[in-house]
Amino acid sequence: MIIAGGNEGITTKGKPLRDGGAAIIESGKLVYASGEERHTRVKADGGYSSSLAKGMGVDGVDGVDVLWLSSCCEPLRRSEVSKHYVDHHLSHAALAYYASGFERALVIVVDDGGNVLDSMSGNSWWEYPRQQLTIFEGKGDNLSLLGREFSLPLACGLGEFYRAFTYFLGWPSGRHAGKLMAMSGHGPRFSSDHDPFFRFHRTRLAHKAKFFHPARPKDTARSFLTAAGRDDLIEKLARNKDGFSARAEIASMVQHSLEINLVTLVKQWARALDVENVCMAGGVALNCTAALRVREETGLNVFVPPAAGDMGQCVGNAITGYVNATGKRPEIASWAFIGPDMNISEMEVRSVVKKYRNQMRIRHVAGVKKNTEAARALFDGEIVFWHQGRSEFGQRALGNRSILASPQYPGIRGRLNKLKGREYFNPFAASCLYVDKDRFFEDALHSPYMTTAFRVKASAIREIAAVVHEDKTCRAQIFKEDFNRQFFALINEFKRISGMGIVLNTSLNGPGEPICETVDDTIAFFAEQDIARYAFIGDFLVEKGPQETTGSA
């Protein structure tokens, strides 16, 4: 049986939806998942048609028996003959729980809105009961709904709260929430558990603000600051006085509030269920600093899938369809590298390079030679494009579509920020060999999906300065050889040369673009920039310089 999952691209009321994708489960095994944006080349594109079409040839899959879909900002749609619909938060929960491998866990889904829980007219979904924070229990092959927070009409949940402040601090979309998280590291630290924005009322979480409207996020944020007695920060920003300092303080307050409320909720429910594991999903779960705080203060095993936001729903939907059909969880042994199958040939690379006459040349490099040349370039301070095999699913570069650099040189962040079109205060992530984790990080764990931050040891801060954030943390991928053997071999070679089993790793994409999927995508990006000189694509090294006219060297 072949089951596919996808994301609707538009609601029945005409509202466009984003972060689409498609996933395929064949004979009980997840064999494919990819974001729609990777194939349409439109950032955060909704729907599933292009990604599903691309996946139909993977591992011999040539037809779909059942299609399971989800949407948001509207009531759960009725299933049709050819389409079945999954509750938005159940889809998130299914992805997190069944991919975790846990036999029992608390599952918390937090975002800025899922399905409306009642009938609805018009497009004002926030005026109806709706999903914002949902609690499930995963036990064996089953998921059970336990409770909800912020489900009443006009309630502002943690996701909407974070989104409102993202707009207030100057970004044009809630999709920039990661920048708020990054800015918070530059603000003051809060040691107490006092929350200026929310309170627990009769065991239920409620906000102190008197105003909320998702179409007026800046006014919503002002209402929260007024309720917290911080009109002074509003005035500073209005007068542009101490601009960055005020923004960083607000960001730190917002991040602190998110963290302590998540910690409190997880503690309460984990105690009630008597569980040792917690899975988190929904867009808010992508906040790696919050994941660190939950792990540190609850002592639980925390799992966050790499595509915790809406893109991951295609997998959650396919999983739900399979569980409904069989009563069992599917096999998800290793699901990071399940993009379209890709056999990179010399003919393909050369045909693409020909489009950029006299700009690049190609050499065949494979095995030890490839790793040695890439590692030496990193050690010499070069920025390296690294494009290998099937692509990662989700927003994190896990070693197959990566831009790499040595973490030793703090100045390299400026070059990378220019390349990626990012503000200077955004940190860069790291990929670290599991055997080296205790050298660089405190209480480090196996974390192959790069979904949590770790505290950097004081003794390592200067050594890996390029990946240390202002708050002395680092979002890190910590992995073993069997997770990604090719990437492991490269970092191991870099360790032989530099003495450090760790590299800076950021996603292979330009400003405002999806992560590169094809050889064409990568070479086009490589050609248009003037910062990186080396692109390792499969077993070929593409270098800036005159194109060769004869066979490979």
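1. Let's start with Tyr434, which at 29% relative accessibility counts as partly exposed, since that class lies between the 20% and 50% limits. Please keep in mind throughout that this is a predicted model. Tyr434 sits in the loop that runs between β16 (430-433) and α14 (437-440). Leaving aside residues up to four places away in sequence, Tyr434 touches Leu445, His446, Ile478, Phe479 and Lys480. You may also like to look at Ser447: it is 13 residues from Tyr434 along the chain, with 8.8 Å between the two C-alpha atoms.

2. Next, have a look at helix α4 (residues 158-168) and helix α5 (residues 177-184), whose axes come within 9 Å and cross at roughly 80°. The two helices are therefore roughly perpendicular to each other, because angles of 65 to 115 degrees are put in that class. On the α4 side the contact is made by Tyr162, Phe165 and Thr166, and on the α5 side by Ala177, Leu180 and Met181. What is the make-up of this contact in nonpolar, polar and charged residues? There are 5 nonpolar residues and 1 polar one, with no charged residue taking part.

3. While you are at α4, find Arg163, which belongs to this helix. Is Arg163 buried or exposed? Its relative accessibility is 19%, so Arg163 counts as buried, the limit being under 20%. Not counting residues up to four places away in sequence, Arg163 touches Asp112, Gly174, Pro214 and Pro217.

4. Helix α11 (residues 346-353) has four residues to pick out on screen: Val349, Arg350, Val352 and Val353 are buried. Why can they be said to line one face of the helix? Seen down the axis of α11, these buried residues fall within an arc of 165°, so they share one face. They pack against β13 (360-364), α16 (519-528), β21 and β22 (540-544).

5. Helix α12 (residues 367-379) passes a simple length check: with 1.5 Å a residue, its 13 residues should span 18 Å, and the end C-alpha atoms are indeed 18 Å apart, which agrees. The buried residues of α12 are Lys370, Asn371, Ala374, Ala375, Ala377 and Leu378. Because they cover an arc of only 160° around the axis, they lie on the same side of α12. Which elements do they pack against? The partners are the strands β14 (384-387), β15 (401-405), β20 (502-507) and β21 (534-537), together with helix α15 (485-498). Just after α12 comes Gly381, with a positive phi of about 90°.

6. Finally, two backbone angles deserve a glance. Most residues other than glycine have a negative phi. Asp19, however, has a positive phi near 60° without being a glycine. Asp19 lies in the loop between β1 (2-7) and β2 (21-26), and its relative accessibility of 12% makes it count as buried. Ala44 is another residue that is not a glycine yet has a positive phi, here about 65°. Look for Ala44 in the loop between α1 (37-40) and α2 (49-55); with 2% relative accessibility, Ala44 counts as buried.

Methods. Residues numbered from 1 in each chain as written. Predicted model: local features only at pLDDT ≥ 70, side-chain atom pairs only at ≥ 80, totals over all residues. Heavy atoms only, no water. Expected span 1.5 Å × (residues − 1). Buried < 20%, exposed > 50% of the residue type's maximum accessible area, 1.4 Å probe, protein only. Arc of directions from axis to C-beta. Contact = heavy atoms within 4.5 Å. Axes fitted to C-alpha atoms, helices over the stretch in contact; angles between N-to-C directions. Parallel < 35°, antiparallel > 145°, perpendicular 65-115°, else oblique. Nonpolar A, V, L, I, M, F, W, Y, C, P; charged D, E, K, R; others polar.
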